[in-house]
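Got the model open in your viewer? Here is a short tour, one selection at a time.

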Amino acid sequence: METVTAPGASKVSVKITQEWIVFALAVVIFALFSLILRGFATVDNMLALVRNVSILGILSVGMALSILGRGIDLSIVATMAVSVAWMILMLGEGVAPPTAFALALAFVVLVGAANGFLVAYVEIPAVFTTLAMGGLVYGLGRFAMISVDIVNLPPGQDWLRGFGSGTLAGIPAPVIVFAVVCVVAYLFLSYAKAGRFVYALGDNPAAARISGVPVRPLIVLQYVIAALIAFCAGLVMTANVDSMNTRIVNSTLVYDVILVVVLGGIGLGGGKGGIRNVVVGTLLIGILLNGMTIMNIPFLMQNIIKGIILLAAIVADTLLNPRDEQTSQQGDI
Amino acid sequence: MNDTAMVEPALRLRGATKLYQGTAAISDIDFDVAPGEVHALVGENGAGKSTLCKVICGAATLSAGELIYEGKKRAFDSPQDALNLGIAMVYQETSLVPTMTAAQNIHLGREPMFSTHKSLNIRAQHLLQSMNFSVDPKALVSTLGTAKRQMVEITRAIYFGARLIIFDEPSASLTPEEIQHLFLLIEDLRRRGVAVIYISHALEEALSIADRITVLRDGRKVRTVRASETTRDEIVRMMVGREVARTRASERRIRDRGELVLSVDNVVSGTMVRNMTFKVFAGQVTTIAGLVGSGRTEIAKVIAGAMKRRRLRGGTIKLDNRPVRYRVPTQGVRDGIVYVTEDRKMDGFFETMSISENIYLGYLAGQRQPLLVSRKRERELARNWSDKLQIAAINRDARVIELSGGNQQKVVIAKSMVQKPKLVIFDEPTRGVDVGAIEEIHKLIGKLADEGVAVLVISSYLPEVLSVSDRILVARGGRIVEQFDASAATEEKIMFAAIH
């Protein structure tokens, strides 16, 4: 394999990086759980693990793209839940699948573009924009579009069910979707001009702007892509469980996603990391969450553990990628 | 005034030296200021004025030499230390909290344990009145003008019991009437026995307010003179003082002007650019000399579309006789205008990227096509430009942050050159660059002009101005006040025009 790496990840593979530490940790924990946890290394559990990991991973790719460009998208879970719930609601009401799909897709693009517009042109910090947008999308969705918490997938619709239960050469469909999303995102970041620009934007927005990078359209693109990836994750989720529970918006899923991204080694300051980081982060968190569920660790305790890991990961991120004025001024006279 | 030799100085520096990573920002400076004395500090940009003040007010510590304050040898760890001993600094850009009232700002950091708004206001009112300042203590600082903010800042210094006050370019943003008022204030401080250090570019001011004037050049003290015994001409000569660079321009071939590329006509923008008018021609290096704060960087950013939220308020900019008004740099770059920044760390290069990636990014950003990255093209460009600019690095995959200042600057320049510009604006092209690289960058600037590109250089360093320019413009207070052919220019002439 040719050693082509994304700009932010150049030269890191030689050294001991967060990426490798996390990967090793994931392997160790997997081995440990297999040994001590009854019911972990079973076919059923592996299938459940792989499905959950895939959804988490797909969402994390979207989140990673926005974080790489020095943004963040806290509205992805709301976008995912509302768009897909609305789509299957329409399917249940007899709307033709292509129409329902296209409408849901349009909705998703609109949300992403609105996020991007507010961040890029109105210049509101991404955290606040997307936090508010998440609330707005969920509220509006439940108020005007979806009257129940849980929308069930109507019978038929095998094209959609295929995303969950189908297999290709023995590999479950969710994993394939995750892999495809990863590969597309990787190709985008490494080979598309816009991908390069995302790294430039994350590294130094002022320099990107002055070099002539169309920074504002780029930010809009970034949030539209994040929203599209969220839609994709929603399709897989629905296909898995034959329904969409809009209450997932109120769960800790979005924090799990941030946990994956930060833990995987994508710097919150932007411009650092790549898809490999998302994959290793997803593995570790996916295995951990699954193991904790099997061990029957209470929900609250799980949150405590995840909270501690997230804080530890952010601290590690700050130590590895310092944002201190002193260090940034090194070499100045 | 008293003979200062008779009075024990409030502050005395002996052999003061400050090294930044081996480079001396100031070296071996003797300086003193007595209570009730106004001592002006003058010098070009980079002469060491601000370093000297940082040392005095505790923002930096001496590498060698000693600082004696009120009879005791001191080494301040922080500005707070110095402030506690009565050394206060009044900054050019005021350091007040805009969302607080004048009274709150005056007390900031030294509030009594228990206080009410009323008691703070009353005390502030007393202080302000005792100095004849007409500032409402209840007014928010954000609603006050520059002059009144300065009054608040001075009052704050007095409240803190300052016995030595440093004014850093206090008059830069003041109107003539406000400057008169400022002088009365300083006069008043003098009567109270406060020692004042006054930093200014404006020599007339220094001559009229100061008792003594110290001239710095290249980090060294040239001389300290009594203001009553010197003239403006003498000070300018001391500030410039270099004999070597004098004839450089006349030995060089001066390029003739090509076609008119850029014309800036009566442009007004923000508070810094006031009626700027000049022209830039192809195949020629045009330089804007002048002091920091004369609106040079601002006009450059306005031309390139890089000025954020501060658009043109008047006037026209024409590129190839076509009026242009860019909102974002992307538009300027597409039309062939590139701006090479004065602060490469802030908006010059991408530190996580390699040399090749930085250069290639400039190429990608410069045009609509292609939409895909080509590693081959990237390597090609990096090879070409590393050779052309002699970027010395072990390999082209090295990260830019690991390079020396000179090499970083070359990468930033290469990143702009791959955009095939017809007008290049270099803002302080050799700031923080090692001597060897300076020469190479100057050669590159000349070569660009020879190739028919219109080059606009902004520089505060007079030897640089004289050695690269074909035409020299001098900016002052947001206007171009003087124009020279390079053959007719000397450092003195430029300095005279730059200083009001």
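Before the first stop, a word on labels: helices and strands here are DSSP runs, at least four residues for a helix and at least two for a strand, numbered from the N terminus. Keep in mind, too, that this is a predicted model.

**Stop 1: a residue in helix H15.** Select residues 405–417 of chain B, which make up helix H15, and pick out Ala414(B) inside it. Is Ala414(B) buried or exposed? It counts as buried, because 23 C-beta neighbours lie inside 10 Å and the cut-off for buried is 20 or more. Now show what surrounds it: setting aside neighbours within four places in sequence, Ala414(B) is in contact with Ile359(B), Trp385(B) and Leu389(B). Try a distance to Ser356(B) as well; the two C-alpha atoms are 10.0 Å apart, with these positions 58 residues apart in sequence numbering.

**Stop 2: helix H4 of chain B.** Go to residues 117–130 of chain B, helix H4. At 1.5 Å a residue, its 14 residues should span 20 Å, and the end C-alpha atoms are indeed 20 Å apart, so the two agree. Colour Leu120(B), Asn121(B), Ala124(B), Leu127(B) and Leu128(B), which are buried. Then look down the axis: the buried residues of H4(B) fall within an arc of 130°, so they line one face of the helix. What do they pack against? Bring up helix H3 (102–107) and helix H5 (146–159) of chain B, and you have the packing partners. Swing round to the other side of H4(B) and you'll find Lys118(B), His126(B), Gln129(B) and Ser130(B) exposed. Just after the helix, stop at Asn132(B), which takes a positive phi of about 60°.

**Stop 3: two more positive phi values.** Most residues other than glycine have a negative phi. Select Arg70(A), which is not a glycine yet has a positive phi of about 55°. You'll find Arg70(A) in the loop between helix H2 (43–68) and helix H3 (76–92) of chain A. With 22 other C-beta atoms within 10 Å, Arg70(A) is buried. Next, jump to Asn266(B), another non-glycine residue with a positive phi of about 55°. Asn266(B) sits in strand E11, residues 260–269 of chain B. This one is exposed, with 12 other C-beta atoms within 10 Å.

**Stop 4: the two domains of chain B.** Colour residues 11–244 of chain B as domain 1 and 248–498 as domain 2, following the domain assignment. How far apart are their centres? Taken over C-alpha atoms, 34 Å separate them. Where the domains touch, domain 1 gives nine residues and domain 2 gives 10. The domain 1 side divides into four nonpolar, two polar and three charged residues.

**Stop 5: where the chains meet.** Show both chains: 25 residues of chain A are in contact with 35 residues of chain B. On the chain A side, helix H8 (193–203) and helix H9 (205–210) are the elements that give two or more residues. By class, that side has 10 nonpolar, eight polar and seven charged residues.

**Last stop: confidence.** The model scores ipTM 0.84 and pTM 0.77. Colour chain B by pLDDT: the mean is 84, and 92% of its residues reach 70 or more. Then select residues 1–5 of chain B, where pLDDT stays under 50, and residues 243–247, where it is below 50. Where pLDDT is low, the predicted coordinates should not be read in detail.

Key
Residues are numbered from 1 along each chain as its sequence is written. Chains are lettered from A and ligands numbered from 1 in the order in which they are written. This is a predicted model: local features need pLDDT of at least 70, side-chain atom pairs count only at pLDDT 80 or more; totals for chains, interfaces and linings use all residues. The expected span of a helix is 1.5 Å times one less than its number of residues. The arc is that of the directions from the helix axis to the C-beta atoms. Two residues are in contact if their C-beta atoms, placed from the backbone, lie within 7 Å. pLDDT is the predictor's confidence in each residue, from 0 to 100. Ala, Val, Leu, Ile, Met, Phe, Trp, Tyr, Cys and Pro count as nonpolar, Asp, Glu, Lys and Arg as charged, and the others, Gly among them, as polar. Domain bounds come from an automatic or database domain assignment.
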